[in-house]
Amino acid sequence: NTYHDGIALMKQLCDEDFDMVYTCSFGLMTQTWDVSRDYDGCKTAADGSPHNTYFMSTGGYLTNDNMVTGFSKIYQMRYLAGLVAGEELKSRRLKDTATGVYNHSDAPMCVGYIAAYPLPEVQRGINAFLLGCKEVYSDCLVRVAWTGVWHESELEREAAAFFWNVGKCQLITQHSDTTSPQLYYAEKGGAGLGYNSDMRKIVGDSVLVSPIINWGPVFSHFIDNIKQDSWVAEAQIWPGVDEGAAKISRFSNRVPVHIQEFVLAKKRELEASKGSDGIFCGDLKARWVYEKDETTGERLSGCGFQPSWKRLDTPERLRPNQFNDASGNPLGDSDIPGPTDCLGYQALL
């Protein structure tokens, strides 16, 4: 099966004395951890001399002496895409209201969000997108469908069809890899926000903009460590737009110039930010939280080491000590976060 195929391939790369191996899916994290920790071939060259094969897990959280993790703060670009979506919904509402077509109670303006797995990486993106959308259009509604796959063209198309025909969402976005959702919405006369590549190049101008991860700064960080003999065991890096690891594509011609300029100005603010990027700020509340062991307080895991979540009947205010004020100082336990108090990066992991 795929799990054991992954282990066999990683062992082969160690036996062939590769210096660095990138395992580019959260689903490969546990195999990477097992092999890098326990397989002697990852610490010894084929001729018996000492040699380390190092591993980087993308999006994972397990580490050891030979295994590190890295990812991009792509949620920053999700926030920008949310701004574009909010402006598009607002424009559609004004147009429909003027023509007498709009009925908010029967068909609220919404964005369908196709999501693969309920992992922190995906949850952050959904929340950042929603915050961006509501910043410019307070009635923004984001409806989420979980597919359980990263890359499955037909299933993603079916999810898009559900949002169009049942959810009545005017826009589509995704944390999945194929262009199927965008193509479906283009066929139906809708619009969308892509992901992972400039989907506008394949689909056309119905794709308003796409958040894109630039893996170069993530991967090269560890290559430089090896070349400079400065490997840091159990390192976890998380560069963002300020280090070139997150970007957005060119805008569709359907996005008005003044909206493009507004979003690019927000991007420049993110590039200049230090300590906090100003996205997750204010008196935030959580509806979904990690399930934890009642005795140890440790997070519980489900299938494939994915985090286990539970839905709260009443949204729960986030702990104030997870926030920093505008000067970067942590809030006190009794403080209520204000508009300029933002979550520290550690709280987003």
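Visitor: Is C42 buried or exposed?
Guide: The relative accessible area of C42 is 0%. Buried means under 20% relative accessible area, exposed over 50% and partly exposed in between, with a 1.4 Å probe and protein chains only. C42 is therefore buried.

Visitor: What pLDDT do local features need in this model?
Guide: Residues are numbered from 1 along each chain as its sequence is written, and side-chain values use heavy atoms, with hydrogens and water left out. This is a predicted model in which side-chain atom pairs count only at pLDDT 80 or more, totals for chains, interfaces and linings use all residues, and local features need pLDDT of at least 70.

Visitor: Which handedness does the disulfide of C14 and C42 have?
Guide: A disulfide is a pair of cysteine sulfur atoms within 2.5 Å, and those of C14 and C42 are 2.2 Å apart. C14, like its partner, has a relative accessible area of 0% and is buried. The torsion about the S-S bond of C14 and C42 is about 85°, so this disulfide is right-handed.

Visitor: How many residues apart in sequence are the parts that C14 and C42 tie together?
Guide: Elements are DSSP runs numbered from the N terminus: helices are H or I, at least four residues, and strands are E, at least two. C14 lies in helix 1 (residues 2–15). C42 lies in the loop between helix 2 (29–38) and strand 2 (54–58), so the tied parts are separated in sequence by 28 residues.

Visitor: What is the torsion about the S-S bond of C110 and C169?
Guide: C110 and C169 form a disulfide with sulfur atoms 2.2 Å apart, and both residues are buried. The link of C110 and C169 is left-handed, at -115°.

Visitor: Where do C110 and C169 lie?
Guide: The pair links distant parts of the chain, 59 residues apart. C110 is in strand 4, and C169 is in the loop between helix 5 (153–165) and strand 6 (171–175).

Visitor: Which handedness does the disulfide of C133 and C140 have?
Guide: The sulfur atoms of C133 and C140 are 2.2 Å apart. C133 is buried at 0% relative accessibility, and C140 is buried at 5%. The torsion about their S-S bond is about 100°, so the disulfide is right-handed.

Visitor: What is the pairing of the bonded cysteines?
Guide: The structure holds four disulfides. With the bonded cysteines of the protein chain numbered in sequence order, the pairing is 1-2, 3-6, 4-5, 7-8.

Visitor: How far is the sulfur of C24 from the closest cysteine sulfur?
Guide: C24 counts as exposed, at 52% relative accessibility. The closest cysteine sulfur is in C14, too far for a bond, because the distance is 15 Å.

Visitor: Which helix gives the largest share of the largest nonpolar core?
Guide: A nonpolar core is a set of buried Ala, Val, Leu, Ile, Met, Phe, Trp, Tyr and Cys residues joined through side-chain atoms within 4.5 Å. The largest such core has 54 residues, and those with the most contacts inside it include M77, L80 and V263. Among the elements that give two or more residues to this core are strand 4 (110–115), helix 4 (120–136) and helix 9 (257–272). The largest share, nine residues, comes from helix 3.

Visitor: Which residues does V263 touch?
Guide: Contact means heavy atoms within 4.5 Å, and residues up to four places away in sequence are not counted. On that basis, V263 touches L80, L83, V84, I248 and F251.

Visitor: How many residues does the other core hold?
Guide: This core lies apart from the largest one. C110, I114, A160 and C169 are among its members, and its residues number eleven.

Visitor: What is the angle between the planes of F26 and Y61?
Guide: Rings of Phe, Tyr and Trp (its six-membered ring) pair if their centres lie within 6.5 Å; planes under 30 degrees apart count as stacked, over 60 as edge-to-face and the rest as tilted. This rule gives 13 aromatic pairs. F26 and Y61 form a tilted pair, 6.2 Å centre to centre, with a plane angle of 45°.

Visitor: Why is the pair of F222 and W231 tilted?
Guide: Both F222 and W231 are buried. Their ring centres are 5.9 Å apart, and the pair is tilted because the planes are at 50°.

Visitor: How far is the charged end of R78 from the ring centre of Y195?
Guide: A charge sits over a ring if NZ of Lys or CZ of Arg is within 6 Å of the ring centre and within 35 degrees of the ring normal. R37 lies over the face of W33 at 4.1 Å from the ring centre. The charged end of R78 sits over the ring of Y195, and its distance from the centre is 4.0 Å.
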